[in-house]
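Here are a few exercises to work through with the model open. Try each task before you read its solution.

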Number of protein chains: 2
Amino acid sequence: MLDDRKANILKAVVEEYIETAQPVGSSHVARKPGVNVSSATVRNELAALENDGYLVQPHTSAGRIPTDKGYRFFVDSLGAPGQLSAPDAQQVRQFFARAHGELEQMLRDTSLLLSRVTDYAAVVVGPPHEQSTIRAVQVVGLTSRVALLVVVLSNGVIEKHTLELDEDVDDAALSAATARLSALLVGATMRAAAVTEPQGPAANDPVVGAALAELRADQESAGVDDVYIGGTSSLAAAFDAVTQVSDVLRILEQQFVVVSLMREMLDRGLNVAIGTETGIVPLAECSVVVAPYYAEGEAVGTIGVLGPTRMNYPQALAAVAVVGRRLGDRLTEG
Amino acid sequence: MLDDRKANILKAVVEEYIETAQPVGSSHVARKPGVNVSSATVRNELAALENDGYLVQPHTSAGRIPTDKGYRFFVDSLGAPGQLSAPDAQQVRQFFARAHGELEQMLRDTSLLLSRVTDYAAVVVGPPHEQSTIRAVQVVGLTSRVALLVVVLSNGVIEKHTLELDEDVDDAALSAATARLSALLVGATMRAAAVTEPQGPAANDPVVGAALAELRADQESAGVDDVYIGGTSSLAAAFDAVTQVSDVLRILEQQFVVVSLMREMLDRGLNVAIGTETGIVPLAECSVVVAPYYAEGEAVGTIGVLGPTRMNYPQALAAVAVVGRRLGDRLTEG
DNA sequence: GCTGGCACTCGATTGTAACGAGTGCCAGCC
DNA sequence: GGCTGGCACTCGTTACAATCGAGTGCCAGC
């Protein structure tokens with residue numbers, strides 16, 4: 001739809017604007033290698049590109065700025081993810097060489113890594129619990145009518161739920177409930193656990209009933225995944241108006257908004273959402289780059305980068321791809 | 001050290017500056033009720049106050065702005081914490097009427113409440129684990145050489161530690177270790193647990209050894225408390241330069257910095273740190289207001305508000321005091 | 001000791017002019 | 001026919017001067 005020359009010119013404008021944050025004029029573009037025409041010709045092409053909605057002028061007699069559509073074309077024409085710069089790649093490699101220990105801590109650290117590499121905010125969404133299998137279950141009494149249901153999952157994640165009971169329960173009853181729940185649930189997935197119906201004596205155990213009800217409720221509400229956000233200070237530095245910063249931070253505080261955005265993007269097979277494409281008004285000046293990560297061959301989570309629309313897409317795409325892959329490897333190997 | 005009139009004038013300047021963020025001139029001060037002198041007299045006093053370091057002029061022929069010392073005098077002369085506005089008090093009351101459930105969730109929500117009430121960032125530091133008693137202990141195998149130590153504390157908090165073992169361990173060994181650890185640790189405080197030495201057969205159980213070593217190591221590193229930060233978007237909106245916002249966010253990302261600041265403040269009996277008093281260079285334009293909260297009569301944690309030096313101190317102090325007290329009540333009553 | 005008055009300072013606002021980076025368009029050249 | 005050099009034009013930015021006004025410090029007088 002765009003001939004070669006227009007595409008090259010558009011690409012040049014986007015690249016320069018990403019670098020300088022200043023409107024790009026025809027002479028700058030003409031000077032670029034790969035564009036071997038005069039500035040006058042470039043001007044004609046720029047006018048055409050503006051007409052087609054790829055560029056805008058802040059005012060007459062100013063250079064051009066890419067629109068969301070312009071960025072979109074640029075991103076789509078990038079092709080394969082590309083490589084990280086040597087020092088960045090080094091940093092990622094070192095991180096995963098040292099990384100060890102608990103899942104949560106690793107995901108938290110991953111969000112810091114990703115934000116340091118890209119200089120934008122990073123979002124890491126942990127594996128949903130529903131696919132994990134249950135390794136252990138225990139009910140612990142806190143007060144006479146409040147107990148804590150502790151569920152240990154195979155990936156090392158712990159879920160806990162407070163159970164508010166209708167009647168006093170002693171330690172013996174809790175031990176019995178623990179045994180019954182273990183028999184019912186250990187080895188099952190969380191999803192299966194949520195639809196488990198107790199049988200035999202367990203069916204009449206009020207603690208077992210409360211525990212299963214709690215798991216069912218949790219499954220239905222679904223939305224609350226583990227999410228780790230890092231690098232908000234870098235994100236702030238990428239804008240120039242504090243109201244913009246404040247608006248974006250407000251969105252990030254409502255984690256479910258950004259999580260559902262990321263999930264929806266992956267469902268639609270997108271890895272970049274640009275400006276208004278996000279569908280979130282306060283993010284009109286932001287872009288999001290996401291990638292899934294795989295453990296044991298299955299997509300289990302999402303990582304993403306949130307920056308200004310004039311973000312460094314090639315670098316962000318490369319970073320998200322590399323970090324996602326390494327994270328998956330790390331989780332698969334255990 | 002300041003006579004009545006100077007104190008009143010200083011107070012008037014601080015109040016107006018907090019409200020308007022504009023340098024305050026003598027005529028504005030003279031117009032205030034409680035200052036029944038002419039603007040000329042006010043000017044003389046302002047000059048004296050500036051000489052004493054309570055105020056500064058951004059430039060000649062501009063009004064005055066309070067220095068950190070000026071704010072300090074203002075805060076010190078406030079006396080008792082004062083009351084929250086009716087709607088704010090209402091909001092706090094409603095929150096704690098509805099609040100229930102897990103400690104972590106409550107603390108997280110409390111940080112949101114405090115930031116909504118004050119319109120600044122809020123920091124809530126959870127009770128340190130060392131004073132809590134252990135309710136249950138369990139060791140769960142994840143892989144043949146990796147196990148998870150799960151410790152349930154009396155306040156409903158769960159600690160988990162991965163144990164990397166030197167040799168393969170089967171389920172029976174883990175059960176045995178769980179039983180031995182339970183016998184040793186249940187009922188003890190975390191602090192006591194960290195110095196527990198196994199005896200009898202437990203002394204030779206490698207899993208027990210690894211678990212205790214892990215608890216000991218955790219105790220020594222100490223610093224990592226639970227901390228919940230909310231309202232960064234409101235904080236951002238309170239500044240006018242994006243670099244300031246970015247700097248402050250960077251500090252907040254290093255949670256231990258702000259946690260140790262808050263702890264140190266309470267140790268020194270301060271509840272307000274103004275500007276450079278914080279001792280943290282990037283927070284030179286910020287103030288911190290803190291309050292401890294008490295559960296069962298003992299100080300167990302800290303809540304705080306972080307805003308610009310020109311924050312609304314009376315409101316912040318009141319909010320922190322009220323929310324801290326209510327939170328403590330909530331935790332005490334269970 | 002307070003106050004009204006006055007000269008003064010200096011940032012902010014306004015107006016004007018020059019600059020220059022950019023544009024659109026057109027005539028001419030290959 | 002398409003590219004290009006040239007040209008008139010636009011308009012934000014910069015520079016500079018003038019004016020305004022909110023503020024000051026100081027002093028004489030009540």
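**Exercise 1. Find where A:Ser61 sits, decide whether it is buried or exposed, and check its phi.**

Start with the location: A:Ser61 lies in the loop that links β1 (55–56) to β2 (65–66) in chain A. Helices (H or I, at least four residues) and strands (E, at least two) are DSSP runs, numbered from the N terminus. A quick word on the model: it is predicted, local features need pLDDT of at least 70, side-chain atom pairs count only at pLDDT 80 or more, and totals for chains, interfaces and linings use all residues. Residues are numbered from 1 along each chain as its sequence is written, while chains are lettered from A and ligands numbered from 1 in the order in which they are written.

Next, count neighbours: A:Ser61 is exposed because 7 other C-beta atoms lie within 10 Å. (Buried takes 20 or more other C-beta atoms within 10 Å, exposed 12 or fewer, partly exposed is in between; C-beta atoms are placed from the backbone.) Last, the backbone: phi of A:Ser61 is positive, about 65°, though the residue is not a glycine.

**Exercise 2. Do the same for B:Ser61, then look at the surface near DNA strand C.**

B:Ser61 belongs to the loop between β1 (55–56) and β2 (65–66) of chain B. Its phi is also positive, near 65°, in a residue other than glycine. B:Ser61 is exposed, since it has 7 other C-beta atoms within 10 Å.

Now turn to the DNA: 19 residues surround strand C, and B:Ser61 is among those that come nearest, along with A:Gly25, A:Ser26, B:Val37 and B:Ala40. (Near means a C-beta atom, placed from the backbone, within 6 Å.) Two or more residues each come from α2 (26–31) and α3 (39–51) of chain A and from α3 (39–51) of chain B. The largest share, four residues, is from α3(A). Sort the surface by class and you get six nonpolar, eleven polar and two charged residues. (Ala, Val, Leu, Ile, Met, Phe, Trp, Tyr, Cys and Pro count as nonpolar, Asp, Glu, Lys and Arg as charged, the others, Gly among them, as polar.)

**Exercise 3. Work out what chain A brings to its contact with chain B.**

Begin with the totals: 29 residues from chain A and 29 residues from chain B take part. (Contact means C-beta atoms, placed from the backbone, within 7 Å.) On the chain A side, α11(A) gives the most, with six residues. By class, that side has 13 nonpolar, ten polar and six charged residues.

Key. Contact = placed C-beta atoms within 7 Å.
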